[in-house]
Every structure is written in C-alpha cells, then in structure tokens.
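Grab a coffee and work through these exercises with the structure open beside you. Each one sets a task and then walks through a solution.

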Amino acid sequence: MSSKATRSHLGVCYYPEHWPEDVWAGDARRMVEVGLTHVRIAEFAWSRIEPRPGEIEFGWLDRAVEALAGAGLKIIMCTPTATPPKWLVDRMPDMLAVAADGAERRFGSRRHYDFSHAGYLEDARRITRAVAERFGQHASVVAWQTDNEYGCHETTVSYSEAARQAFAIWLRDKYGTVDALNAAWGNVFWSMELHDFDAVALPNLTVTEPNPAHVLDFRRFTSDQVVRFNRAQVDIIREFSPGRDITHNFMGAVTDFDHFDVAADLDVASWDSYPLGMLERFGRDEAWRNWYLRAGDPDFQAFHHDLYRGVGGGRMWVMEQQPGPVNWAAWNPAPHPGMVRLWTHEAFAHGAELVSYFRWRQAPFGQEQFHAGLNRPDGSTDVGAEEASVVAGELQAIADAQTVDDATQRSPVAMVVDYPSIWATEIQPQARGYSGLALTFQFYRALRRLGQSIDIVPPGADLTGYAVVVAPHLIMVGEAAAQAFAAADGQIVFGPRAGSRLETHQVPPKLPPGPLSKLLPLRVVRVESLRPGVRVATDDGGAVHHWFEHVEVTGDAKVRAAAHDGKPVWIEADRATYLAGWPDDAWLETVLADRLIAAGLAIVETGDDVRVRDHGALRTIVNYGPREADASRLIAAADEVLIGDADLGVAGVAIVRRAAAAGKAQTS
Ligand code: GAL
C-alpha cells in the first residue's frame, strides 16, 4: 500500500510458534493488507528456541523472520525471559519466586522466576545474547522488547533466600554500617535492632505489621532488582544490535517498581492497554462499570498514555492493544463497535508512535482461548482487524496535519507522580483503602473533565513553563523535587500528606509538609482518617472525606476554605495551594478550575463521557459513553474538521486541526 509519511504506526503481536509454518507468509501478507507495519514476536518462545539445555534452534525463527520481513514488516524482537522452560527450572528449582506466605510460585504458567536468583540472571543473559547475536543486525529488526510485563501476576516481589541475601548486600551498600541502618529504620522501637547486615530478614510472616521503614527499603530494593535485571538485557542488546529502539511493555495500574528508573535504560516506554479488563479491576461502583462496560473508563487509558510518555522521556508506544473481549477479568464483554478504532486514535492523540494489537489470531489452545485477536482461530477476519484497517486509512488522511514537533510539545499542565510515595501509603495507609494511585487518578480525571491536556513527570523534573503543576500524592520530597517546585513559575497544587515523611519513612523534624514548608507556610499538627460515608464539609460548599488534617497556618497564606469549626482545608500561599484532606470529586474540580483560571488557562467542561486531547495542531475528541454526544463546544468555527464531526455517535471520534494552535505548533 502506498503511504504518506505518518509518525503513527500500527502493529500486531504474533506467535509464529503457535501456527503451522505454511501460514506464516500468508499471515504476513494480510497484516500488510490491514495496514500494519510492525510485528512483535518471540517473547514466550524459549522452549522452542532452546528445547534442550544448550541446543539452540533458530531455524524456525529465521524462517518466521524472513516471512514477516519478506512482506515488508518491521520486527520488534523480544527476549523470552518471562517464560523459562521446564528443563531450566528442573536444573535450578530455587530460581522460583516465593510468595509473601512463603509458598513457592511454581512452573506451569509464566513469570515463574526470582529477580534475585544469580543463576537465573546468568541464563537470562545467555539466552538474550543468543537472540541478540542472531537477529541484532537483521535489517528488518527495528526494535527490541525486554522480557514481558515485569510486575504482571505480582511477580517482582519475592521472599526467597536469594532475595534476602541480595537485600542484605543492598542495605550494606546503602547504609555502610548497621548502626546507621538501625537509626534510619528506628529499630530501637520494639527492640528490632540488628547486629549485622546479614541478620536482616524479609518483611513477611511477622507477628504483626513489620517496620514501615524496613518494608519501604525492601520495596526500593525490589524495584532496583528489576532495574538490574532489565539493564543486564539492555546492555547485551545494545552491544549486538546498536541503533535499535529498546523498550519494555509496562502495564496499567501497576506500581510495584519505579517505572522511571527502569525506563532510564530504555529508548521508549511501551504499555499494554486493556480498557475493558481494567475497568473491571480498577473501575468505580457497579453503575459506573455497567455504563462504561463496552468502552472502559474514559480516563484510564489517557492517564497511562500520559504516564508512560513521561516514563519514556517523551516517547511512548502501546505494545498490546485490546482487540475484542479478553479472557482474564471477572466478566469479559465485547467492546462497542468502533471502540478499537477509538482507543487507537486516542493513543496517537497522547503521543503514541505505535499502537500494536494483541494478538493477530485468537489462540485455540492454552490459557487465553477466550481472548479475541484481530482474527478468529480459523483465520477469518474479526472486528478488530476491520477497525484497525479503518484506522490505517484515517492515519493517512491526517498525516499532513501532524506537525513534526507534535511529539515533543509540552502540555500546559504537569502532574508529578512518584512511585515510592505510592508505596509509602500502601505500607502505612492509616485509612483502609488509602491509595496514592487512586488519588492521583482522581486529580487526573478532574483536570480532564475541565478539558485539560496533561504531561506526567517524575519528581525533580523541570517544571518551569507549566501554567499549572499538580502533585496529588507526594509523601516524600527529595532535594531535587523541592528545588524543582521552588523554581516552578506556574500554580502548584499539592494533595494531602505532601512532604509528610522523610526518605527514611520518619516524620519530618518540624512536622509536615517538611521540605515544602517554605512554599507552604503551614504545619500539619494532627491527621485523622474517616469511616466511609463521613464527610467534613467546607464553608465554600465543598467537602473532604477519608482523610482530614488539622493544619496551623504559620506564615503568609490565605485560607480559601475551612471546615465549619474553622480548620483550614484549602490553603493558598503565593503560587502554592495545599488541600488538607481527600477532596470529593466535585470540590476538587472547583479548586482545580479556580487554579487553572488563575493561571490563565481556558476551561471547557467535557461532562462524563466526552474527552478531549490537544496534541500539536490536532485536537482529538472521543465519546466513551453508550449514547450520542454533542462535541460542538470543543470545536471552533475556524477549526478544520479532518475526521468525524461534532455529533459523536457511540465510540465516536472527531479529529480537528485547530485554527488557534496552527501557528504555535509550528514554532514551538
Ligand atoms: C498481557 C500479556 C499478554 C497477554 C495479554 C492478554 O498482560 O502481556 O501476553 O497475556 O495480557 O490480555
């Protein structure tokens, strides 16, 4: 198919090892006919690449690569380390991870390895080297994926002896002396003092809760083990396949390790987007889940696109896109007709360079028999392939409007996300269900309902130039983050508990907000958590629930809203705002709208179902609701409508070239 240069590409995940060799060339041809340009292969193929110890068999994979390359497809090659074969496990039974209850996590599915096992790391290196040596220079291999979904099935944490020993070494490197460790953790409390690094145990199976500082360091260690494991593969791939992009496919709502740290070794971050499955896991109440049953949560995908664009330093792909019903949620409905198309356009609107569907053809065997593909098990075309093909055509239609610098263009609003802060409240929530991720997501949704486009950045990132910065959940504020906030020139909004713990998980000497107290002249003198249904009303008609702080204002700050007994809840000092409780949805929107307007940004209320995203000169508008929606307030008379129109049907998409942004996008 002759094509215009577009920086938005479509791909698919393919498993040649699942299908007879004589269908490969035909499959490849049809992929190209559908409009796909990329294909990801081999992430679970270890038992075919090395059927017996040391006997590497690349013949079949060579032929698969030739069939795909022959059709003109670009290949994303994977390392197969998420699925070590049975013979390897039999040789090293202690490479299996151990769950928190002490049970071994056995062979028979996938991800059955311990990140700290030295023997497994060696074998992971060995197989990575073999694959990288064989395919690293192949002209059609344009990118690499390391492993598959670190963190899937909760597999980054292991309570094995290998993990314990590695943790002891990690602690020695961090603290130098065991006295320093005892002081940092406050081990004098309950006589938990250690006499030697090697005496450290893992924080599971304790009588009551373990020391939070111990758990927090264990979480940091666990995250560093993922970084180390990933880096071992990246180093080998860079040696044998220089110049190719290296990625890893991250997941939705997984915070088990610091994704910014892992991605620091990658060229691009990718993630696996399953809107309907994740609605079941992460959605709100039953009514909400039923309303968005066939569409997914209207903000979940966007949040992760923005998160992973930030994690990838500006570069993001969707490596696996849901193509139809999945198999793994409690209930697995079919998407609305047109929804696969909508999800794909939405990803591009958030800066994705590639959207790759999972998988080419539904598998007739194995654990995922009920998981749709672009095609049915008999090879006939399913809805997913039809919609992918529609998108491919539409990408051609908008190619000219995609200005080159779109991908790097900043949004007006930044959101700071910090993984260790999320761990800190998982470890000591102090209120059942207190989730830093949920609070972060609530801020994100509120901003989107106000029509904003958002960048997500790590703490310490340069915040200058952003009109508004929000930090919904920043428990620990390091030196770099404190400096970045001080240098920011826009409005900053902090959620509750900001700066409430030091790196050691201790209370700051002068009380929270600790390192933020220059920006926020206040002291949090008491915190309380509230039972479900209990609300603290504010005198401006708002409310907080779940969490409420008693705050003393210590300097030049305005109390914009107080509880009825006069306790400050919305506190504003110069450019910085603090919310002394978990805001309810409507009040959070009120506060954020106020700050957006103060920063000179335009607000458009999108309502429940419609969302908008500006990207360079393009504005993409989508309808997640199960009914028609009117998007005319989001399209100016002078805008050029490229796709769809203001009457959005179910799963409707409109893409316009904004008259207001045309000049800006070319010069920024
Ligand atoms: C992902 C995984 C794929 C496949 C898919 C099913 O989590 O990476 O291998 O299992 O889910 O939805």
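Before starting, a bit of vocabulary: a helix here is a DSSP run of H or I with at least four residues, and helices are numbered from the N terminus. Keep in mind, too, that this is a predicted model.

**Exercise 1. Work out how much space the largest pocket holds and what lines it.**

Step 1: start with the volume, which comes to about 1,300 Å³.

Step 2: go to the lining, which has 48 residues; G151, H153, E154, V254 and D256 are the closest to the pocket's centre.

Step 3: look for helices. Helix 8 (212-240), helix 10 (275-282) and helix 15 (419-427) each put at least two residues into the lining. Helix 8 gives the largest share, with four residues.

Step 4: sort the lining by class, and you get 23 nonpolar, 13 polar and twelve charged residues.

**Exercise 2. Do the same job for the second largest pocket.**

Step 1: this pocket has a volume of about 680 Å³.

Step 2: its lining counts 25 residues, and H18, F44, T83, S109 and Q367 sit closest to the centre.

Step 3: helix 2 (residues 46-49) supplies the largest share of that lining, three residues.

Step 4: the class split is ten nonpolar, nine polar and six charged.

**Exercise 3. Lay out the open sheet of four strands and find its edges.**

Step 1: write down the strand order, 21-22-26-24, with antiparallel pairing.

Step 2: read off the ends. Strand 21 (610-615) and strand 24 (640-643) each have a single partner strand, so each has one side with no neighbour in the sheet.

Step 3: check the twist; on average, neighbouring strands are turned by 25° against each other, ignoring direction.

Step 4: zoom in on one pair. Strand 22 (residues 618-623) and strand 26 (residues 653-657) are joined antiparallel over five bridges. For R619, the bridge partner in strand 26 is V656.

**Exercise 4. Explain why C78 and C152 form no bond with the closest cysteine sulfur.**

Step 1: recall the chemistry: a disulfide is a covalent bond between the sulfur atoms of two cysteines. The cut-off to apply is 2.5 Å between the sulfurs.

Step 2: take C78. Its closest cysteine sulfur belongs to C13, 7.9 Å away, so that's too far for a bond. C78 is also buried, at 0% relative accessibility.

Step 3: take C152. Again the closest cysteine sulfur is in C13, but at 14 Å, which is too far as well. C152 counts as buried with a relative accessible area of 6%.

Step 4: tally up the whole structure, and you find zero disulfides.

Note on methods:
Residues numbered from 1 in each chain as written. Predicted model: local features only at pLDDT ≥ 70, side-chain atom pairs only at ≥ 80, totals over all residues. Heavy atoms only, no water. Pairing = 2+ DSSP bridges. Axes fitted to C-alpha atoms, helices over the stretch in contact; angles between N-to-C directions. 1 Å grid on protein atoms, 1.4 Å probe; cavity = no way out; pocket = protein on both sides within 12 Å on 5 of 7 lines; lining within 4 Å. Points joined across faces, edges and corners; volume = space filled by probe spheres on them. Nonpolar A, V, L, I, M, F, W, Y, C, P; charged D, E, K, R; others polar. Buried < 20%, exposed > 50% of the residue type's maximum accessible area, 1.4 Å probe, protein only.
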